[in-house]
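Grab your viewer and work through a few exercises on the model shown here. Try each task yourself before you read on to its solution.

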Amino acid sequence: MSVPGSFSVLRVLWLLSVFGTVLPLDGGMLFPQESSFREVKELNGLWDFRADGSPNRNEGFEKAWHKRRLAETGPVIEMPVPASYNDITQDPTLRDFIGWVWYEREVFVPARWISDEGTRVVLRVGSAHYYSIVWVNGEKVTEHEGGHLPFEAEISSLIRKEPTKPCRITIAVNNTLTLETLPPGTIQYMNDSSRYPDGFFVQNIDFDFFNYAGIHRSVLLYTTPKVHVDDISVETNFMDNTGLVRYKVSVQGGFNNTLNITLMDKDGHFVASSNGSSGGLKVVDVKLWWPYLMHENPGYLYSMKVHLIAVSETSTYEDEYTLPVGIRTINVTNTQFLINNKPFYFHGVNKHEDSDIRGRGFDWPLIVKDFNLMKWLGVNSFRTSHYPYAEEILQMCDRHGIVVIDECPGVGIKDIRSFRNASLSHHLVVMDELVRRDKNHPSVVMWSVANEPASEMPPAEFYFKTLIEHTKALDQTRPVTYVTIAAADMDKGGPYVDVVCANSYFAWYFDQGRLDIIPLQLSTHFENWYRKYQRPIIQSEYGADAVPGLHMDPPMMFTEEYQNALLQSYHDVFDQKRNQYFIGELIWNFADFMTSQGIYRVVGNKKGIFTRQRQPKAAAFLLRKRYWRLANETGRLLPD
């Protein structure tokens with residue numbers, strides 16, 4: 001398959017040490033917001049869409065589809081943005097399509113944005129899977145490798161060339177996975193002409209979720225002044241009743257800049273102020289950011305308003321950006337995970353950005369429903385398995401006090417060829433982008449650099465040591481982990497992590513149906529890990545498939561009774577280890593989700609405690625009872 005551009009470019013990083021944190025100096029990625037000096041125009045809705053069904057998937061580039069309206073190149077259909085394209089139509093070839101698809105939309109840009117030369121206009125894509133190329137009015141403005149993270153380009157000069165015409169935005173997206181992508185995959189051509197037609201190929205993957213594709217998050221146009229606040233970094237601490245917010249502000253555009261920093265409390269009252277691009281804000285009678293169910297006032301956020309005035313000989317520019325700030329600390333000992341110097345026990349879930357019809361597309365009703373269900377369950381945390389989630393989800397976690405283990409798309413790294421330098425270079429860039437985007441969220445307490453990698457392979461030790469050390473250098477305020485499935489897998493890379501996250505499926509993938517072996521095997525598992533690495537342990541995955549409404553007693557696999565019995569067996573061992581080194585449990589999975597077709601999955605993975613439509617199985621009630629008991633045992637919470 002033809003894929004224009006380089007899939008593996010090692011970006012040169014310039015690192016800046018700020019308050020003990022090393023940050024890349026290649027531009028900020030502040031979430032777009034409106035203020036007195038900024039505007040946002042959402043481009044969600046129906047776009048023209050066309051899949052490139054040519055044998056080499058390259059017709060769109062050979063015939064330069066971006067040079068004219070997409071409808072002039074051939075048949076187009078309407079496609080909603082944001083959404084995965086796979087489940088929108090009745091066409092099975094589109095559901096399983098691999099290769100380039102093309103999106104196009106014409107929009108009118110407000111006249112004041114065009115006429116004001118001091119206004120900067122930026123096009124931003126929240127996420128597109130996997131490789132994207134963007135044109136405006138037929139001219140290429142940017143390309144991006146990797147799904148799940150935002151990318152953008154300034155388009156001010158382009159839209160001012162023809163100010164009276166609509167702005168035509170073309171986005172080509174390719175979901176092909178290779179040995180150098182995250183997640184990795186391989187393309188296999190079937191050359192037996194007696195069994196397969198010419199050019200027949202399949203996309204092979206080593207991860208257990210559907211390879212949804214398309215423009216998954218919002219496309220925006222937003223403005224900033226020509227001289228503007230480009231990035232903000234905060235680090236928080238406290239002593240006794242006094243909080244400290246250290247900050248650094250990056251300004252793009254030059255000139256003589258004056259920065260005023262003001263911190264306001266949740267009610268809009270003045271708390272502290274400072275001047276300059278870096279400094280500290282002292283907060284008397286500080287209200288700390290606490291996790292849900294750990295405090296009667298969880299998720300407390302201050303607002304840090306950054307006001308910029310930039311003066312040149314001919315112009316004056318003014319900008320303003322407000323960043324939510326949660327004041328909290330994170331520390332890890334050999335046996336505990338501490339938030340604000342108090343032991344924190346993770347009782348939560350793993351999730352997927354996955355739903356009927358929309359696939360991985362951003363959907364506010366679903367997100368709000370999921371948060372309501374998590375709070376009903378007594379969930380205080382979740383892992384973004386197995387890729388970064390939308391920024392809006394992390395913002396909700398900040399507000400609600402839901403703790404997040406923020407995971408990159410490093411899932412399914414099983415082939416030895418995926419440990420080569422090109423793959424590592426891309427993985428480092430992805431961690432740069434993830435930390436740059438999420439570094440200020442108080443809800444994010446840990447970075448997860450991979451899930452179930454083949455760590456036992458000889459090249460993996462250097463790969464993961466480099467990756468973990470790089471991530472620690474990017475952010476020294478949060479611990480780093482990667483997730484594995486077996487104790488043997490921890491031989492390479494394990495000593496470098498701060499927390500051991502363990503996935504295990506006793507009596508499911510191994511010793512099927514034998515619930516009686518769980519206590520012995522799980523306890524041995526934990527003891528061996530802790531003896532070797534002396535790190536606190538989280539059970540980051542465990543569970544069993546349950547078909548809703550399928551019942552049998554004595555319990556058998558795939559029944560709701562078996563799912564409950566397996567969970568209870570795990571919980572008994574968790575309770576034995578909780579006062580030692582065991583610091584958390586995350587069920588796999590919050591809800592059923594779609595996977596590729598195969599003989600081991602019946603229309604998706606059924607390990608959810610909720611169905612894909614968010615209806616509870618029996619396990620949801622078992623888990624709710626446990627999680628509320630765990631929360632109340634801390635002594636910090638009244639009964640629900």
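Below are five exercises with worked solutions on this predicted model.

**Exercise 1. Find the residues that touch the most other members of the largest nonpolar core, and work out which domains the core lies between.**

Step 1: The largest nonpolar core has 99 residues, and Phe382, Ile518, Phe526 and Leu566 touch the most other members.
Step 2: Helix α11 (residues 618-633) is the top contributor, giving eight residues to this core.
Step 3: Both domain 1 (39-175 + 211-225) and domain 3 (330-634) give residues to the core, so it lies between them.
Step 4: There is also another core apart from this one, with 47 residues, including Val283, Tyr302, Met304 and Val325.
As background, nonpolar side chains in soluble globular proteins tend to be buried together.

**Exercise 2. Check the span of helix α10 (residues 560-577), then say what covers its buried residues.**

Step 1: Helix α10 has 18 residues, and at 1.5 Å a residue it should span 26 Å.
Step 2: The end C-alpha atoms of α10 are 26 Å apart, which agrees with the expected span.
Step 3: Now pick out the buried residues of α10, which include Tyr562, Leu566, Leu567, Tyr570, Val573 and Phe574, but also Glu560, His571 and Lys577.
Step 4: Their cover includes α9 (518-533), β33 (537-541), β34 (582-587) and α11.
Step 5: Zoom in on Leu566: leaving out residues up to four places away in sequence, Leu566 touches Phe506, Ala507, Leu515, Ile518, Gly543 and Ala544.

**Exercise 3. Work out which strands pair with β34, and with which handedness β33, α10 and β34 make a β-α-β unit.**

Step 1: Strand β27 (residues 346-350) runs parallel to β34, and four bridges join the two.
Step 2: β33 also pairs with β34 in the parallel sense, over three bridges.
Step 3: Look at Gly584 in β34: Gly584 is the bridge partner of Phe346, and Gly584 is the bridge partner of Ile538 too.
Step 4: Check the cover on β34: six of its six residues are buried, so the strand counts as mostly covered.
Step 5: Follow the chain through β33, α10 and β34, and you get a right-handed β-α-β unit.

**Exercise 4. Decide whether Lys532 is buried or exposed, and find how far Lys532 is from Arg124.**

Step 1: Locate Lys532 in helix α9.
Step 2: The cut-off for exposed is over 50% relative accessible area. Lys532 has 52% relative accessibility, so Lys532 counts as exposed.
Step 3: Going from Lys532 to Arg124, the separation is 408 residues in sequence and 46 Å in space, C-alpha to C-alpha.

**Exercise 5. Hunt down cis peptide bonds and positive phi values in the loops.**

Step 1: Recall the baseline: most residues other than glycine have a negative phi, and most peptide bonds are trans.
Step 2: Val81 and Pro82 are joined by a cis peptide bond, with omega about 5 degrees. Pro82 sits in the loop between β5 (77-81) and α2 (92-95).
Step 3: Asp553 and Pro554 are joined by a cis peptide bond as well, with omega about 0 degrees. Pro554 is in the loop between β33 and α10.
Step 4: Ala64 isn't a glycine, yet its phi is positive, about 50 degrees. You'll find Ala64 in the loop between α1 (59-62) and β5.
Step 5: Phe558 has a positive phi too, near 80 degrees, and Phe558 is in the loop between β33 and α10. With 34% relative accessibility, Phe558 counts as partly exposed.

Definitions and conventions: Residues are numbered from 1 along each chain as its sequence is written. This is a predicted model: local features need pLDDT of at least 70, side-chain atom pairs count only at pLDDT 80 or more; totals for chains, interfaces and linings use all residues. Side-chain values use heavy atoms; hydrogens and water are left out. A nonpolar core is a set of buried Ala, Val, Leu, Ile, Met, Phe, Trp, Tyr and Cys residues joined through side-chain atoms within 4.5 Å. Buried means under 20% relative accessible area, exposed over 50%, partly exposed in between (1.4 Å probe, protein chains only). Domain bounds come from an automatic or database domain assignment. Contact means heavy atoms within 4.5 Å. The expected span of a helix is 1.5 Å times one less than its number of residues. Two strands pair if DSSP finds at least two bridges between them. A crossover is right-handed if, with the strands pointing away from the viewer, the path from the first strand over the helix to the second runs clockwise.
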